[in-house]
Amino acid sequence: MEHPENSEEYKGLTVNKGIEAPSIVNPYLKNKPRIKRKQFTPAEYVEGILKGDITILSQAVTLVESVRPDHQTIAQEVIEKCLPYAGNSVRIGISGVPGAGKSTSIDVFGTHVLEQGGKLAVLAIDPSSERSKGSILGDKTRMEKLSVHPNSFIRPSPSAGSLGGVARKTRETIILCEAGGFDKIFVETVGVGQSETAVHSMVDFFLLIQLAGTGDELQGIKRGIMEMADGIVINKADGSNVEKAKMAASHFRNALHLFPMPDSGWTPQVLTYSGFYGLGIKEIWDMIYAYIDFVKANGYFQYKRNEQARYWMYESIEEQLRDSFYHNDTIASMLKINEDDVLNGRTTSFTAAKKLLDAYFGLTKTNE
């Protein structure tokens, strides 16, 4: 289109023709051959994991997290074959409110324990956006030392709105990591909602990170989360915050005396530390090892693992029933109709639910 400024009536004013806008698509993209990733057999996955190959372990975890049926079939076979080599680790759940310094603390906790030898896997559940369903998965950026350590493996997983599904996959990932020779497993929670309960059901020691001086000491003393904690640590106990941290620790110790004795027989301890300056880290690990020795001696360690295995069996049954129900074509066509009936007051929620369930179980009997 010609510029009107170049007309005769505008003397002395000229607008030069611009260059044509280049395409936003890379012209060399089409010519570049796509590198197809090699597909391993279940036996090759298992062999690579047992050898400690991080690349193959990562690909196996990706299969576990995939929703594709063919990927799930391979993943379950790999997990079954890795099961005899699993179970030889200390599993530690780490929770705390957002901003408590979980990732920074994991970095210093992990670095400290790796100095003593062994291998560490960090499985972090990242909160997903309810709108876009996306996650930042940026835990590695906050774990500067661990992310470059040769004996560490960091794997963030998006919660994607389905915490139960992610928790199950995290438990399966633990099995793969243990088969790969990782003798210490950290599971970091989202820090909100029901995530603590899910993580508590797959770890040996549950560590709760708290803060002092935020005006929220009483808010932090919640019965549910406090009863799950095997140890409570107050972060950022440095500089002018040391006295506040000691005061907060005292409040938590007093609160713990009000709760019944845990089934393990262990009295949860409250310690202070500084993740940023690396102060008090050895004392926290001494507490964790003391707990593990204590519960192994009284038999609670194996009892808890057995109870967790039973819990996840029933959780898997519920998840598969739920998936089967919602992926049934007949039920999917009935859902919208029944939903409209409920919204328009033509039927109750319970009646609609019973109708759908009766239809589903009727279909399963017909298929038999």
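## Burial and the model

A residue is called buried when its relative accessible area is under 20%, exposed when that value is over 50%, and partly exposed when it lies in between. By this rule Glu-307, at 30% relative accessibility, counts as partly exposed. The structure described here is a predicted model, and the sections that follow treat its strands, a pair of helices, some of its salt bridges and two single residues.

## Two enclosed strands

Strand β5, which covers residues 205–211, has 7 of its 7 residues buried, so the rest of the structure largely encloses this strand. In a regular strand the side chains alternate between the two faces of the sheet. In β5, Phe-205, Leu-207, Ile-209 and Leu-211 point one way, while Phe-206, Leu-208 and Gln-210 point the other way, and every one of these residues is buried.

Strand β4, made of residues 184–188, gives a second example, for 5 of its 5 residues are buried and it is therefore largely enclosed by the rest of the structure. Lys-184, Phe-186 and Glu-188 lie on one side of β4, and Ile-185 and Val-187 lie on the other, with both faces covered and all of these residues buried. The buried residues of β4 thus include Lys-184 and Glu-188, just as those of β5 include Gln-210.

## How the strands pair

Strand β1, residues 90–96, pairs with β5 in the parallel sense over 5 bridges, and within this pairing Gly-96 has Ile-209 of β5 as its bridge partner. β1 also pairs with β4, again in the parallel sense and over 5 bridges, and here Ile-94 stands opposite Glu-188 of β4.

β5 has a further pairing with strand β6, residues 231–235, which is likewise parallel and runs over 5 bridges. In that pairing Leu-211 of β5 has Asn-235 of β6 as its bridge partner. A reader who follows these pairings can therefore step from β4 to β1, from β1 to β5, and from β5 to β6.

## Two helices that cross

Helix α11, residues 281–297, packs against helix α12, residues 300–326, at an angle of about 85°, and their axes are 5 Å apart. An angle of 65 to 115 degrees counts as roughly perpendicular, and α11 and α12 are therefore described as roughly perpendicular to each other. On the α11 side the contact is made by Tyr-291, Ile-292, Val-295 and Lys-296, and on the α12 side by Tyr-300, Phe-301 and Lys-304. Sorted by kind, the residues of this contact comprise 5 nonpolar, no polar and 2 charged.

## Salt bridges within helices

The structure holds 12 salt bridges, and three examples are described here, beginning with the one in helix α3. The side chains of Lys-81 and Glu-77 meet in a salt bridge with an N to O distance of 3.3 Å, and both residues lie in α3 (residues 69–82), 4 residues apart, which is about one turn of the helix. Lys-81 is partly exposed, with a relative accessible area of 37%, and Glu-77, at 35% relative accessibility, also counts as partly exposed.

In helix α12, Arg-310 forms a salt bridge with Glu-307, and their closest N and O atoms are 2.9 Å apart. These two residues are 3 residues apart in the helix, about one turn. Arg-310 counts as partly exposed at 48% relative accessibility, as does Glu-307 at 30%. In helix α14, residues 349–367, Lys-354 and Asp-358 are 4 residues apart, about one turn of the helix, and their side chains meet in a salt bridge of 2.9 Å, N to O. Lys-354 counts as exposed at 52% relative accessibility, whereas Asp-358 counts as partly exposed at 44%.

## Two single residues

Gly-48 is found in helix α1, residues 42–51, and is buried, with a relative accessible area of 6%. Leaving aside its neighbours within four places in sequence, Gly-48 is in contact with Asp-53 and Ile-56. The C-alpha atoms of Gly-48 and Gly-180 are separated by 8.4 Å, although the two residues are 132 residues apart along the chain.

Lys-236 lies in the loop between β6 and helix α10 (242–256). Its phi angle is near 65°, which is a positive value in a residue other than glycine. At 37% relative accessibility, Lys-236 counts as partly exposed.

Key: Residues numbered from 1 in each chain as written. Predicted model: local features only at pLDDT ≥ 70, side-chain atom pairs only at ≥ 80, totals over all residues. Heavy atoms only, no water. Buried < 20%, exposed > 50% of the residue type's maximum accessible area, 1.4 Å probe, protein only. Pairing = 2+ DSSP bridges. Axes fitted to C-alpha atoms, helices over the stretch in contact; angles between N-to-C directions. Parallel < 35°, antiparallel > 145°, perpendicular 65-115°, else oblique. Contact = heavy atoms within 4.5 Å. Nonpolar A, V, L, I, M, F, W, Y, C, P; charged D, E, K, R; others polar. Salt bridge = Lys/Arg side-chain N within 4 Å of Asp/Glu carboxyl O.
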